[in-house]
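Please read the paragraphs below with the sequence and the coordinates side by side. They move from sheets to single residues and then to enclosed and open spaces.

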Amino acid sequence: MKVLKFGGSSVATPERINHLIDLVEPRIKSGEALTIVCSAFGGVTDMLIEMSDLAARGKEKYIGLYHQFTDRHQQAVQSLLSGDALLSTQEEINKNHQTLKELLRGIFLVREASPRTMDYVLSFGERSSNFIIAHAMRARGLDADFLDARKIIKTNKDFGNAKVKFGLTYDKISEHFSTTIGRTQIVTGFIATATGGLTTTLGRGGSDYTAAILAGALNAEILEIWTDVDGVLTSDPRKVKKAFSLPQLSYAEAMEMSHFGAKVIYPPTIQPALEADIPIYIKNTLNPTHPGTRIHNAYDEEWRSPIKGISSLKDVVLLSLEGSGMMGVPGISSRLFTSLANKEINVILITQASSEHSICIAVAKKDAEEAKEAIDNAFEQEIMGHKIDPVKIEDNLCIMAVIGEKMRAVPGIAGKLFQALGRNGINVIAIAQGSSELNISFVIDQKDEAKCLNLVHDAFFLSESKTIHLFMIGVGLIGGTLLQQINDQKKLLKDRYAIDIAVCGIANSKKMLFDNDGIDLESWKKQLGASGDSSDPNGFVEKMINMNLSNSIFIDNTANKSIPDLYESILDANISITTPNKVATSSSYASYLNLKNKARDKGVYFLYETNVGAGLPILSTMKNLINSGDRILKIEAVVSGSLSFIFNSFDGSVPFSSLVAQAKEKGFTEPDPREDLSGQDVKRKIIILTREAGFHIEPENVILDPILPKELMGVEGVDAFFEKLEEYDVAFKDKVEEAKAEGKVWRFIAETENGNAKIGLKKVGPDSPFHGLSGADNMVVMTTERYNTRPLVVKGPGAGAEVTAGGVFADLLTIVNIT
């Protein structure tokens, strides 16, 4: 015998019912012994509750709902049957619905719908659907009988959630089925009877429970639960898009996942099957070829992750009872839980400190105030004596549960879990774990529910890849190049490292664009241009924080002086930052130190490798030297691509003004070359290098010997500047000749030693590493305790969109631990 249960979505329409019959017909005809349990048509139970509520409140609108109810069932009969079968079924359904009409009229007159009455009202859903389905199967030539479960399932009189009398029920089931061999029974789910024939219901998941009871009584080979999803999923697919169906679960895992929100099954459903060791299959009526999920006792050795899934329960309230009067006092817990039990309040989670100073419990939001009152009353004397504090309530919470039998065999699961949560700014308010290590439950703020689900799903490789969510301000030359590089590398990163990069927010100076699922990098320019959101850095950061996506990284590709003011709030939201923008790291030392400390305290990254030397590994090299115990004694650096080009070509063959013009034409300088010639950019970089070497330096401490005189720097307009610059060509030629006479060349060099920094033109000979510089290359020469007689040299292109974007990309990969 195999027991099959079909839920409301599987029998919602005549088309679905025909599909159900298509599924079971070949199995029945091939000789399989099947018992089929069906729910009410999808939505009908809610309709019956609503019409009863309206009637009890004296609202005649219930009559309209009643007619919708009857019309729906009559339409189903007319669609599925014809001839005599149609007429006889209609007649029986009409009688049944006339009884419901009279019952609703009675509720309307007395203005009351008691639990006992409601159970009877709700029974009309399952009785109608299963009666129609049984006759539809007969019309298709199948030997099928309608079986009202009230004849075989016996309960107590706890209306609304009746308790099954298993001994009597199993006897009734055996007796009935001994007389129906060879005929398929179509059984009403959800309903039963108490002593005296009063109709009862089995509570939430009742139809599944009916099927499990039948499976246990009949010692069924398997129990199949047919629904509208492909089995039990690793998480809620509405919140975790990467959720997928699990091939198998143990009974214990299924119980845990269903308790914490998996809607496919309900814990009591499993119990009769578990006791009889009957495998349960969760299948999809709409996708019947999918294998679904098998629930059984065997341990799944092949599963790749120590956890099977993560579930959540929202609308939870945490109640805390604490005080010195609890410590070492026997019976505190007993009094607490007795007070709640007397009010029939279910406790979802319990945690107690070993000091016995406090006990925390989680209850449903609807029970919070009653629970607080019950506990306060139970400990009234201790509260009045100030030995115990009044109960504290924390609301807007949810419980997360990480589930898997393999967790007990793998060390470090909790550490990995809470580290991932901490790095993403998710605060854990309470924790509970049983000694079986089957379930780690913890309480968090409800606003973090979806973020936490996705984060844990990724962290434990339940997803095929870990998703990184990027937000980028500045999509011009550097930003646009970076987006192209990310797009080009996406497949490799996913295939090789299981990293999936989603760019969820971009902005230029005019517009900004957001997409939770990731912006299409093939058409980002078009999408951004069509966006209706005007660009606003504050609004961009606020939106990014409110999106609350896991593994978020902010990239500032601008030279904007105001955006770094937002860095602190970004780090406060546990979002890492990488940027080529030098403002934050070269302004006040206090601000620089604050951001570094903030990142450290929050467990996130603040990276700025491209602040000096674009994509050259300068800052990371310094960090590695210092962290490994070396000490940086002196740094000499040519760190301006534009000035490097100018002075590397400064041999007297071309006037100085012409060299500057060439640099401008090649795009090495800013539109106004004085921004480069002022040395301010080099000043910012030597400040950063000095600080990274471990010294405290402020911008005003740097000695800058200018290349050009003040009167030339103050000329109004770029064209006028170039005209005036020509007047200095002779003086610059004389400088060249002066250096040549000594066998040297001019370089614009920044130096820092013992925290003292200076910048200026310097003559260097062939013995200097700077002598052979060419093109627009940068060079940083580090003299350290280890690299003393022969300094360490980092040299290469220090400017350009490709190398700068590549440096930002490298920082990004460091943040996601791909190095």
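What follows is a walk through selected parts of a predicted model, taken one region after another.

A convenient place to begin is with the sheets. Strands of a sheet pair through backbone hydrogen bonds, either parallel or antiparallel. One open sheet in this model is built from 3 strands in the order 4-6-7, and its pairing is mixed. Its edges are formed by strand 4 (154-155) and strand 7 (199-201), each of which pairs on one side only. Strand 6, covering residues 191-194, runs antiparallel to strand 7 and is joined to it by 3 bridges, and within this part of the sheet Ile-191 stands opposite Thr-201 of strand 7. Helix 5, which spans residues 115-139, packs on this sheet and touches both strand 6 and strand 7, with a direction that makes about 80° with that of strand 7.

Further along the chain, strand 12 (residues 309-322) deserves attention for its surroundings. Of its 14 residues, 11 are buried, so the strand is largely enclosed by the rest of the structure. Strand 12 pairs in the antiparallel sense with strand 15 (residues 392-403) over 9 bridges, and the bridge partner of Val-316 in strand 15 is Leu-397. Strand 12 also pairs with strand 14 (residues 358-364), again in the antiparallel sense, over 7 bridges, and here Leu-318 stands opposite Ala-362 of strand 14.

Another open sheet is made of 7 strands, which follow the order 21-20-19-18-22-23-24 with mixed pairing. The edge positions belong to strand 21 (533-534) and strand 24 (606-607), and each of these pairs on one side only. Strand 20, at residues 511-514, is held to strand 21 by 2 bridges in the antiparallel sense, and the bridge partner of Met-512 in strand 21 is Asp-533. Helix 15 packs on this sheet, where it touches strand 18 (466-473), strand 19 and strand 22 (552-556), and the direction of the helix makes about 160° with that of strand 19.

Two residues with unusual backbone angles can be placed against this sheet by their neighbouring elements. Ala-498 lies in the loop between helix 15 and strand 19 (499-507), and although it is not a glycine, Ala-498 has a positive phi of about 55°. Asn-574, in turn, has its place in the loop between helix 18 (567-572) and strand 23 (576-578), and Asn-574 likewise has a positive phi, of about 60°, without being a glycine. Are these two residues buried or partly exposed? Ala-498 has a relative accessibility of 22% and therefore counts as partly exposed, whereas Asn-574, at 10% relative accessibility, counts as buried; the cut-off for buried is under 20% relative accessible area.

Helix 15 returns in the description of the second largest pocket, which has a volume of about 1200 Å³. There are 36 residues in the lining of this pocket, and those closest to its centre are Ile-478, Ala-559, Lys-582, Glu-670 and Asp-681. Helix 15 (477-497), helix 22 (641-648), helix 24 (674-677), helix 25 (680-692) and helix 29 (801-815) each supply at least two residues of that lining. Sorted by class, the lining of the pocket comprises 10 nonpolar, 17 polar and 9 charged residues.

Closed spaces can be examined in a similar way. Rolling a probe the size of a water molecule over the atoms shows where empty space is left. The structure holds 2 cavities of 30 Å³ or more, and the second largest cavity contains about 40 Å³ of space. Strand 25 (632-638) and strand 27 (745-753) each supply at least two residues of the lining of this cavity, and strand 25 gives the largest share, with 4 residues. The lining residues include Thr-690, Ala-693, Phe-695 and Gly-755, and by class the lining divides into 5 nonpolar, 4 polar and 2 charged residues.

The last stop is Gln-662, which lies in helix 23 (residues 656-665). Gln-662 counts as partly exposed because its relative accessibility is 29%. Once its neighbours within four places in sequence are left aside, Gln-662 is in contact with Phe-645 and Val-654. Gln-662 and Phe-645 are 17 residues apart along the chain, and their C-alpha atoms are separated by 9.5 Å.

Methods
Residues numbered from 1 in each chain as written. Predicted model: local features only at pLDDT ≥ 70, side-chain atom pairs only at ≥ 80, totals over all residues. Heavy atoms only, no water. Pairing = 2+ DSSP bridges. Contact = heavy atoms within 4.5 Å. Axes fitted to C-alpha atoms, helices over the stretch in contact; angles between N-to-C directions. 1 Å grid on protein atoms, 1.4 Å probe; cavity = no way out; pocket = protein on both sides within 12 Å on 5 of 7 lines; lining within 4 Å. Points joined across faces, edges and corners; volume = space filled by probe spheres on them. Nonpolar A, V, L, I, M, F, W, Y, C, P; charged D, E, K, R; others polar. Buried < 20%, exposed > 50% of the residue type's maximum accessible area, 1.4 Å probe, protein only.
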